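Please look over the sequence and the model below, and then follow the explanation with the structure open beside the text.

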Amino acid sequence: MQVAVRHPGPQAAGGEADRLVLRPGQPPVEALRAEWTDRFGPPPPEALALLDIGALRARCVEHGITHVAAVDKRIRISPVAVPASRRMRIERLFPGAKFDVDEGELTVPLVTAATPVDAFLDVLRELFDPGE
């Protein structure tokens, strides 16, 4: 799985799915999730997956991450610049995690119980919001 993180161009067509493309001043994904639930009832699993990917994209844009991929039971995130103390925390929380400081890439084993999107969000939470 790869998730492209890009900003919309002027050609954005509109529609519900296009609202997940990040625009300045756009409400967060959770607000969109609440609106969809209010308007249409509980979203089906496919819509929830779309919202989860939107949340992942939002976090990536927020932190300047341009590449995320799940390959061979590992997830890769780049570029990331993380202080040594935070790297140690990630390596402790996610055994087998590796930072390539020169490339700015973090590789973490994919936990089998989690979806790749959940795993990415967990790692990003620990990288940028530890202790929450």
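Val 29, Leu 32, Arg 33 and Trp 36 in H1 meet a set of residues in H2 that is made up of Ala 47, Leu 48, Leu 50, Leu 51, Asp 52, Gly 54 and Ala 55. The model in which these contacts are found is a predicted one. Helix H1, which covers residues 29-40, packs against H2 with the two axes 9 Å apart and at an angle of about 160 degrees. Angles over 145 degrees count as roughly antiparallel, and H1 is therefore roughly antiparallel to H2. The crossing of these two helices, H1 and H2, is right-handed.

One of the H2 residues in this contact, Gly 54, has a relative accessible area of 2% and is therefore buried, the cut-off for buried being under 20%. Measuring from C-alpha to C-alpha in the model, Gly 54 and Glu 30 are 9.5 Å apart in space, although 24 residues separate them in sequence.

To place these helices in the whole, it helps to step back to the chain. The chain holds four helices and five strands, and along the sequence these elements follow the pattern β-α-α-β-β-α-β-β-α. Of its 132 residues, 33% count as buried. The chain exposes about 7,900 Å², and carbon and sulfur atoms supply 56% of that area. Among contacts between residues at least 6 apart in sequence, 59% join residues that are at least 24 apart.

H2 also packs against H4, and here the axes come within 10 Å and cross at roughly 30 degrees. Because angles under 35 degrees count as roughly parallel, H2 and H4 are described as roughly parallel to each other. H2 passes H4 in a left-handed crossing, whereas the crossing of H1 and H2 is right-handed. On the H2 side the contact is made by Asp 52, Ile 53, Ala 55, Leu 56, Arg 59 and Cys 60, and on the H4 side by Val 117, Phe 120, Leu 121, Leu 124 and Phe 128. Asp 52 and Ala 55 of H2 are thus listed in the contact with H4 and also in the contact with H1.

H4 has a further helix partner in H3: the axes of H3 and H4 come within 9 Å and cross at roughly 145 degrees, and H3 passes H4 in a right-handed crossing. Arg 86, Arg 89, Ile 90 and Leu 93 of H3 make this contact with Val 123, Glu 126, Leu 127 and Phe 128 of H4.

Which residues touch the most other members of the largest nonpolar core? This core has 22 residues, and those with the most such partners are Leu 56, Ile 77, Val 80, Leu 106, Val 123 and Leu 127. Two or more residues come from each of helix H2 (45-62), strand S2 (67-71), strand S3 (74-78), strand S5 (105-109) and helix H4 (116-128). H4 gives the most to this core, with seven residues. Apart from it lies another core, of six residues, which includes Val 29, Trp 36, Ala 47 and Ala 55. These four residues also appear in the contact between H1 and H2.

The backbone has a few places that deserve a closer look. Most residues other than glycine have a negative phi, and most peptide bonds are trans. In the loop between S2 and S3, however, Asp 72 has a positive phi near 50 degrees, and Lys 73, in that loop as well, has a positive phi of about 60 degrees. Are these two residues buried or exposed? Asp 72 counts as exposed at 71% relative accessibility, and Lys 73 is likewise exposed, with a relative accessible area of 66%.

A cis peptide bond joins Ser 78 and Pro 79, with omega at about -15 degrees. Ser 78 is found in strand S3, while Pro 79 lies in the loop between S3 and helix H3 (84-93). At 13% relative accessibility, Ser 78 counts as buried. Leaving aside its neighbours within four places in sequence, Ser 78 is in contact with Ile 65, Thr 66, His 67, Gly 104 and Glu 105.

Key:
Residues numbered from 1 in each chain as written. Predicted model: local features only at pLDDT ≥ 70, side-chain atom pairs only at ≥ 80, totals over all residues. Heavy atoms only, no water. Buried < 20%, exposed > 50% of the residue type's maximum accessible area, 1.4 Å probe, protein only. Contact = heavy atoms within 4.5 Å. Areas by Shrake-Rupley, 256 points an atom, 1.4 Å probe, with all protein chains shown as cover. Core = buried A, V, L, I, M, F, W, Y, C linked by side-chain atoms within 4.5 Å. Axes fitted to C-alpha atoms, helices over the stretch in contact; angles between N-to-C directions. Parallel < 35°, antiparallel > 145°, perpendicular 65-115°, else oblique. Left-handed = near helix turned anticlockwise from the far one by under 90°.
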